[in-house]
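Colleague: I am just starting out with protein models, and I learn best from one part at a time. Please pick a single part of this one and walk me through it slowly, explaining the terms as you go.

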Amino acid sequence: MIQDFVILCAAGMLVSVYLMVGQKALVVAIRLYGVQSLLLGAVGVAMGFAGHRPHLFVTAALTVVLKAALIPWFLLRVIDKVGIRREIEPFVNVPASLLLCLG
């Protein structure tokens with residue numbers, strides 16, 4: 001059961017990375033980073049339950065608090081303060097980026 005949950009979270013992280021590669025809006029990329037970090041924290045909690053390792057709960061909590069909440073909040077706040085309104089300009093166009101990511 002826990003292995004299936006970990007695989008599901010890993011698949012969600014892969015999908016979020018794939019969506020980040022194809023994304024041009026900076027705000028959406030930051031939110032996807034938060035979702036990816038939340039899934040990483042969920043994997044830590046699942047591994048803590050599966051292996052009876054309480055130190056993984058601390059690691060998962062730090063991951064969720066720092067990576068999934070604090071860092072995206074700070075980055076979005078900086079974007080608002082600085083007034084960045086433009087989109088991300090990739091070196092390679094989006095279809096080619098998605099194909100490279102898929103490879």
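Modeller: Let's begin with a word we will need: two residues are in contact when heavy atoms of theirs lie within 4.5 Å. What you see is a predicted model, where local features need pLDDT of at least 70 and side-chain atom pairs count only at pLDDT 80 or more, while totals for chains, interfaces and linings use all residues. Residues are numbered from 1 along each chain as its sequence is written, and side-chain values use heavy atoms, with hydrogens and water left out.

The chain holds four helices and zero strands. Both kinds of element are DSSP runs numbered from the N terminus: helices are H or I with at least four residues, strands are E with at least two. I have chosen helix α2, which covers residues 26–51. With its 26 residues, α2 reaches 38 Å from its first C-alpha to its last, close to the 38 Å expected at 1.5 Å a residue. That expected span is 1.5 Å times one less than the number of residues.

Which residues of α2 are buried? A residue is called buried under 20% relative accessible area, exposed over 50%, and partly exposed in between, using a 1.4 Å probe and protein chains only. In α2 the buried ones are A29, I30, L32, G34, Q36, S37, G41, V43, G44, A46 and G48. They pack against two other helices, α1 (2–21) and α3 (55–82).

Two of these buried residues, V43 and A46, join V6, C9 and M13 in the largest nonpolar core, which has five residues in all. Such a core is a set of buried Ala, Val, Leu, Ile, Met, Phe, Trp, Tyr and Cys residues joined through side-chain atoms within 4.5 Å. The elements giving two or more residues to this core are α1 and α2, and the largest share, three residues, comes from α1. Look at V43 in particular: leaving aside neighbours within four places in sequence, V43 is in contact with V6, C9 and M13. As background, nonpolar side chains tend to be buried together in soluble globular proteins.

Now follow α2 towards its end. A50 still lies in α2, and A50 counts as partly exposed because its relative accessibility is 43%. The C-alpha atoms of A50 and C101, 51 residues apart along the chain, are separated by 32 Å. Just after α2, H52 takes a positive phi of about 55°.
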